[in-house]
Amino acid sequence: MLHHRMQLQPLPFNLIQSGAKTLEIRLNDEKRRNMKVGDVIEFYNAQDPTITCKKSIMAITCAASMRDLFQQIAIDT
């Protein structure tokens, strides 16, 4: 299990922290390709990096395009 840190703007941070937002979409760049199900992401608030919350990666979905991703997510949910 690896530990990752990601910055979020205050609104999405608050939604993730509260559990109202359960999906985070990111480009599958080099940093994200190292993430695995079961790893932990420590999100931190962009306005105050001392405010953090930790969440476990429950699933990873990859797609060739945003359209494909949204179609896949709609099927999975």
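**Exercise 1.** Find the salt-bridge partner of Arg32 and say how far apart the closest N and O atoms are.

*Solution.* Start with the term: a salt bridge is a side-chain nitrogen of Lys or Arg within 4 Å of a carboxyl oxygen of Asp or Glu. Next, look at Arg32 in this predicted model, where local features need pLDDT of at least 70, side-chain atom pairs count only at pLDDT 80 or more, and totals for chains, interfaces and linings use all residues. Its partner is Asp29, with the closest N and O atoms 3.1 Å apart. Residues are numbered from 1 along each chain as its sequence is written, and side-chain values use heavy atoms, with hydrogens and water left out.

**Exercise 2.** Decide whether Arg32 is buried or exposed, then do the same for Asp29.

*Solution.* Here are the cut-offs: buried means under 20% relative accessible area, exposed over 50%, and partly exposed in between (1.4 Å probe, protein chains only). Arg32 has 18%, so Arg32 is buried. Asp29 has 26% and is partly exposed.

**Exercise 3.** Work out which parts the salt bridge between Arg5 and Glu42 ties together.

*Solution.* First check the pair: the closest N and O atoms of Arg5 and Glu42 are 3.6 Å apart. Then place each residue: Arg5 sits in strand E1 (residues 3-8) and Glu42 in strand E2 (residues 40-45), so their bridge links parts 37 residues apart in sequence. Strands (E, at least two residues) are DSSP runs, numbered from the N terminus. Finally, compare exposure: Arg5 is partly exposed at 36%, while Glu42 is buried at 13%.

Key: Helix = DSSP H or I, 4+ residues; strand = E, 2+ residues; numbered from the N terminus.
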